Amino acid sequence: MMSLSVLDSLATAVGTAPAATVGSDATAAAVPGRVTELLGAGLAAELFGAGLAAVEVFGTELSDAAFAVIGGLVLFVLLGLSAFFSSSEIAMFSLPSHRVEAVVSERKRGAKTLQSLKQDPHRLLVTILVGNNLVNIAMSSIATGLLAYFMSSQGRAVAVATFGVTALVLLFGESAPKSYAVDNSEPWALRIARPLKFAETLLLPLVVLFDYLTRAVNKVTGGRAAIEESYVTRQEIRDMIKTGEREGVLDQEEREMLQRTLRFNRTIVKEVMTPRLDMTAVPKDASIEEAIETCVQSNHERLPVYDGELDNILGVVHINDLIRDSNYGDDDTPVDLESLIEPTLHVPETKNVDDLLTEMREQRLNMVIVIDEFGTTEGLVTMEDLVEEIVGEILEGGEAEPIEFVGDGAAVVKGEVNIDEVNDSLGIELPEGEEFETIAGFIFNRAGRLVEQGERIEYDGLTIRVEQVENTRILKARISGLDAYHEEAEGGEAADVEAVE
């Protein structure tokens, strides 16, 4: 101790024994006697009293300093624990389930523990919240006690502790660790999995209690634990796809394919079928040569075969079978068309195309017939029609694009194009009703009657002109005013942002 060194120097200076044993009874008795002999009783008494006072002062100061250091170390440890729990929440719940399965299959360290924690997300959240709140409250209490010990005003100590701890927690216990966890969610989740599992075991009584209480409160209030549900919705995925294209991560074709894939399981057969008016079929009593000629003229490989009328379709014939039996068959036993018919499915127009695709793959069918609720033939669906719903239009030969941009903020659209596809390609928002799915159906719905070529309708700043009509069918429509529509939409978004700011 510093006080002993001072007394030791003093004793050496007056020729006494070393003060290494200062503090013992013998030394306490010897020092006054020797100093008295050399300096006199008065001066010796003053020096000895000053030495003892120095020992008491230095001892008190050392005790306060140690107290402050220990308190500071405790606060530092608690701040680290706060950062640990805060970053754990972000890392654990931003890591998708498929990545957890991937790291388990790769046998990375901590993967098994991570998987066990993610299996009960509600308990995991309770563990993190209990731990985080305990260390934050403890930090605030200890800081208040330390400052109150050293400051004369307790009110000032509470105020300084409150604002000081809040600033430290926000910066080093929340903001910085959570930012790090967002950028390094997977490696950080693997690294903290085992410590977090230990914390769950250590805090098990509190975790079990609050786990039970929160579930009980959710049950009483009718609330649901959103933490147990997927963090990503279909709409969020669509927004991410749009953002990806805007940021240059995805190109336009990739964005459109992803959007069509998300829309696929919500599409029904009626939206993708070739309508009855566009169907090409042959009667069962037609000759094989007539069937081949019909295939060649219509540019189809398969044809439906009907008995009497189109509402009674027996099945499908393939041009390969027709040509084989026509050119390489037995001339002595000619084969009729009916013997080459392959049976097919008759599906309702409301059937989901995702289910239909699975069914056609299992039964190895390339064409099915679509019927309405009365059993009347409404159209047909091919495997190509279903594939086009995901990859886009597959054009053959001189087939025209379903949507063609013609400049000046206008586009020409085929009448049978689905409203969803029109909206995605043109960046507009035409409504889709229960009575129609195509742009032609939208025009008829808005007009309320049959329309003729050249007629126009207005909708939300867009002008839709009927370009081509065949009998009562709208074959093509021209949509103009796209540039003004997009400028107005962008201006509206800017105004919304400005209003929020």
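## Exercises on a predicted model

Arg364 is exposed, with a relative accessible area of 77%. The terms are set as follows: buried is under 20% relative accessible area, exposed is over 50%, and partly exposed lies in between (1.4 Å probe, protein chains only). The model is predicted, so local features need pLDDT of at least 70 and side-chain atom pairs count only at pLDDT 80 or more, while totals for chains, interfaces and linings use all residues. Residues are numbered from 1 along each chain as its sequence is written, and side-chain values use heavy atoms, leaving out hydrogens and water.

### Exercise 1. The whole protein

Task: State how many helices and strands the protein has, and what share of its residues counts as buried.

Solution. Start with the elements. There are 19 helices and twelve strands. These are DSSP runs, numbered from the N terminus: helices are H or I with at least four residues, strands are E with at least two. Next, burial. Of the 501 residues, 35% count as buried. Then the surface. The protein exposes about 29,600 Å², and carbon and sulfur atoms supply 55% of that area. Accessible areas come from the Shrake-Rupley method with a 1.4 Å probe; for residues, only the protein chains shown count as cover. Last, contacts, meaning heavy atoms within 4.5 Å. Among those between residues at least 6 apart in sequence, 56% join residues at least 24 apart.

### Exercise 2. Positive phi

Task: Find where Arg364 and Asp460 lie, then give their phi values.

Solution. Recall the background: most residues other than glycine have a negative phi. Take Arg364. It lies in the loop between α15 (353-363) and β6 (367-371). Its phi is positive, about 55°, although it is not a glycine. Now Asp460. This residue sits in the loop between β10 (456-459) and β11 (462-470). Its phi is near 50°. Asp460 is partly exposed, at 49% relative accessible area.

### Exercise 3. A mixed sheet

Task: Work out the strand order of the sheet that holds β2, β3 and β4, and name the edge strands.

Solution. Pairing needs at least two bridges found by DSSP between two strands. Three strands form an open sheet in the order β2-β3-β4, with mixed pairing. The edges are β2 (282-283) and β4 (313-318), each pairing on one side only. Strand β3 (residues 302-306) pairs with β4 in the antiparallel sense, over five bridges. Arg302 stands opposite His318 in β4. Helix α13 (residues 288-298) lies across β2 and β3, and runs at about 130° to β3. For that angle, axes are lines fitted to C-alpha atoms, for helices over the stretch in contact, and angles run from 0 to 180 degrees between N-to-C directions.

### Exercise 4. Strands β9, β11 and β12

Task: Say how many bridges join β12 to β9 and to β11, and decide whether Lys414 is buried or exposed.

Solution. Strand β12 (residues 473-480) pairs antiparallel with β9 over five bridges. Val412 has Arg478 of β12 as its bridge partner. Seven bridges join β11 to β12, again antiparallel. Here Val466 is the bridge partner of Ala477 in β12. The hairpin of β11 and β12 has two residues between the strands, and Asn471 in this hairpin takes a positive phi near 60°. Now Lys414, found in strand β9 (residues 410-414). Lys414 counts as buried because its relative accessibility is 17%. Leaving aside residues up to four places away in sequence, Lys414 touches Glu399, Ala400, Glu401, Pro402, Ile439, Leu475 and Lys476.

### Exercise 5. A nonpolar patch

Task: List the residues of the nonpolar surface patch and name the helix with the largest share.

Solution. Patches use residues with over 30% relative accessible area and no salt bridge; like charges are joined within 9 Å, nonpolar side chains (Val, Leu, Ile, Met, Phe, Trp, Tyr) within 5 Å. A salt bridge is a side-chain nitrogen of Lys or Arg within 4 Å of a carboxyl oxygen of Asp or Glu. The patch spans about 550 Å² and is made by Leu134, Leu206, Leu209, Phe210, Tyr212 and Leu213. Helix α9 (residues 204-221) gives the largest share, five residues. Leu206 of α9 is partly exposed at 32%.

### Exercise 6. Around Pro431

Task: Locate Pro431 and list what it touches.

Solution. Pro431 is in the loop between α17 (419-426) and α18 (439-447). It is partly exposed, at 33% relative accessible area. Not counting residues up to four places away in sequence, Pro431 touches Ile419, Phe436, Phe442 and Tyr459. Pro431 and Ile419 are twelve residues apart along the chain, and their C-alpha atoms are separated by 7.6 Å.
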